[in-house]
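This report examines a single protein chain together with its ligand. The sequence and the model are shown first.

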Amino acid sequence: MFDVEEEFKVVSIHSDSRYVGKDSIFFCVDGLSVDGHKYIEDAVFQGAKCIVYSKPLAYKHRGVLYIKVNNVLDELNRVADVFYDHPSYKMTMIGVTGSSGKTVVALMIKEVLSHYLKMGYIGTNNIEYAGVIEQCPYTTPETIFMQRHLNDMVKRDVKGVTLEVSSHGLALKRVDGVHFDIAIFTNVYEEHLDFHGTMEHLMASKAKLFTLIDEKGYAILNTDEVRFYNLVKDSIRCHLLTYGIEHKAHVMARNIQLFIDHSEFDLQIHDDLRHVSVPVLGRFNISNVLAVITSMLALEMPMDQVLESVGYIRGVDGRMELLEHPYPFTVIVDYCQHAKSFEKVFQFAKSVQTNGRIIAVFGAPGKKNYNKREKIGKLANQYCNQVILTAEDNRDEDIHDICLDIQEYLEKPVSVIIEDRRIAIEQAIEIANHGDIILILGKGHEQFMASSIGNEPYPGDKYVALEAIDKIFKGEDEDELQQIY
Ligand SMILES: CC(=O)N[C@H]1[C@@H](OP(=O)(O)OP(=O)(O)OC[C@H]2O[C@@H](n3ccc(=O)[nH]c3=O)[C@H](O)[C@@H]2O)O[C@H](CO)[C@@H](O)[C@@H]1O[C@H](C)C(=O)N[C@@H](C)C(=O)N[C@H](CCC(=O)O)C(=O)O
């Protein structure tokens, strides 16, 4: 049925009826909780002139063009790419997937390449490009939102984009319309199994990114992630570059030395071996740095420039971030979402610990990943001397109950529950002694707390800690303090 009375110029495209405007196309996406076909009436009322749908409809509005397709999401991806004028084909697109390290790698590449190109970034932290900074609703936003921003980037002369690509984003086809030049894999942990079902499905989602790369592009794989590497390597249809610490790769780190404020290693690229120093903490971050360096090779930079670019590597806010202050104890803030990440952070603290204690401040999110509580409790029990359990996005769950679920596994360290995260951090700073390492884990850069009433403003762990340091130690003479301790 085609009874549109007059031609119309498409002003906008939508998959959410709540944002539909005049002369637009509405795509009916059958979601996990609701079916977009239910909202056709609303969309037409708000001005949609074309409906793209896949299910039988009881009624069609006059003057509206209805287009039936097999898969609405596939059409949405195709149309969004066309509507926004193929922006991803006009910039160098670098996608990063993995359970952890996506943000660090994507932001580090953006930072490094900003010395050579106008860069953009889309991911957990924000959307950032050419002076624009906007909150990103998801790690990997939905197609229309993303293509609109990519289009704006092209208009503002952005030449390259790093894009974090989550397993949800891949499974829900949010990047199917994006043309990638480089795709990077960091690692895979057991996560989001409520959504993916099994590890096999989770890995298959991540592997999908490597099918979206241009044939002339590069896949960058971590050889230390043996399972994923073996799963994907033979299906790669573009160039393949690898990095690794334990396993042979094109780019490797040897003789790693970890310090409390930086790391050093011998960087091996093919036969070239150079000693490098980078301002990032932890062995796992060396792996992230290798991914960054490998992406410079994939951009076909000459070796001199690759080595120059290593000098531009910086740590990322809220990710193993060492807080600057003059006193003789260390405070590190990390986002630390997975139990595996806790293990890596604790191992790092242990490896650089001298005569002080490891004091950890953390909680666990409410209403999800219940089995993480036991895991992080056991890890803290193994590595920490003192633990302060506190709020971390409790949502509708009782903070104290969440903390008790973790505390059950803390036998060795002294542990206490302080529900208010600000007070918990202040308490950790208050008890800091010479040589102590205070680890504030779980919120990273975030400046909100998801509670029963929604996202409440929160100053952020870094700022709470710095303020506490200032409040508690201000006026103290630094040298005298060293002697008192
Ligand atoms: C599990 C998941 O990812 N779900 C996403 C999925 O939800 P859904 O399939 O249930 O969608 P739905 O709410 O049923 O809606 C179906 C369709 O009807 C439309 N609709 C709905 C209501 C209405 O009034 N009008 C209307 O048109 C919706 O816009 C949508 O197109 O599609 C929705 C719309 O596209 C997303 O908002 C939603 O993300 C939810 C909210 C979410 O929280 N996702 C998280 C888990 C996520 O994606 N996380 C990853 C990172 C994870 C990580 O690595 O940590 C991310 O990339 O951020």
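The text below treats the domains, the ligand shell, the annotated positions and one helix in turn.

The model is predicted: local features require a pLDDT of at least 70, side-chain atom pairs count only at pLDDT 80 or more, and totals for chains, interfaces and linings use all residues. Residues are numbered from 1 along each chain as its sequence is written.

**Domains and ligand shell**

The chain is divided into domain 1 (12-71), domain 2 (87-310) and domain 3 (321-484), with bounds that come from an automatic or database domain assignment. Between domain 1 and domain 2, the C-alpha centres are 35 Å apart. Each of these two domains contributes at least three residues to the shell around the ligand. A residue is near the ligand if its C-beta atom, placed from the backbone, lies within 6 Å of it. The shell holds 20 residues, of which Asp16, Gly31, Leu32, Tyr138 and Ser166 come nearest. By class there are 7 nonpolar, 10 polar and 3 charged residues in this shell; here Ala, Val, Leu, Ile, Met, Phe, Trp, Tyr, Cys and Pro count as nonpolar, Asp, Glu, Lys and Arg as charged, and the others, Gly among them, as polar.

UniProt, in an unreviewed entry, places "domain: Mur ligase central" at residues 96-294. The end C-alpha atoms of that span lie 12 Å apart, and 32% of the span is helix and 31% strand. Helices (H or I, at least four residues) and strands (E, at least two) are DSSP runs numbered from the N terminus.

**Annotated positions**

The unreviewed UniProt entry lists Ser17, Thr139, Thr140, Ser166 and Arg174 under "binding site". These residues span 158 residues in sequence and their farthest two C-alpha atoms are 24.8 Å apart, so they do not all gather at one spot. The entry also gives "modified residue: N6-carboxylysine" at Lys206. UniProt annotations may be inferred rather than shown by experiment; the positions are given in the numbering used here, and feature names are shortened.

The table sets out burial for selected residues. A residue is buried if 20 or more other C-beta atoms lie within 10 Å of its own, exposed if 12 or fewer, and partly exposed in between, with C-beta atoms placed from the backbone.

| Residue | C-beta neighbours within 10 Å | Class |
|---|---|---|
| Ser17 | 19 C-beta atoms | partly exposed |
| Arg18 | 9 C-beta atoms | exposed |
| Ser166 | 24 C-beta atoms | buried |
| Lys206 | 26 C-beta atoms | buried |

Ser17 lies in the loop between strand E1 (12-14) and strand E2 (24-27), and Arg18 is found in the loop between E1 and E2. Two residues are in contact if their C-beta atoms, placed from the backbone, lie within 7 Å. Leaving aside neighbours within four places in sequence, Ser17 is in contact with Phe26, Tyr39, Asp42, Ala43 and Gln46. The C-alpha atoms of Arg18 and Asp42, 24 residues apart along the chain, are separated by 7.9 Å.

Ser166 occupies the loop between strand E9 (160-164) and helix H5 (167-171). With the same exclusion of sequence neighbours within four places, Ser166 is in contact with Thr139 and Thr140. Lys206 belongs to helix H7 (residues 199-208); beyond four places in sequence, the contacts of Lys206 are Thr97, Ser167, Leu170, Phe185 and Val188.

**Helix H12**

In helix H12 (residues 370-383), the buried residues are Lys372, Arg373, Ile376, Gly377, Leu379, Ala380 and Tyr383. They lie on the same side of H12, because they cover an arc of only 170 degrees around the axis, taken from the directions from the helix axis to the C-beta atoms. An α-helix has 3.6 residues a turn, so residues three or four places apart point the same way. The elements covering the buried residues of H12 include helix H11 (339-352), strand E18 (358-362), strand E19 (386-389) and helix H13 (399-407).
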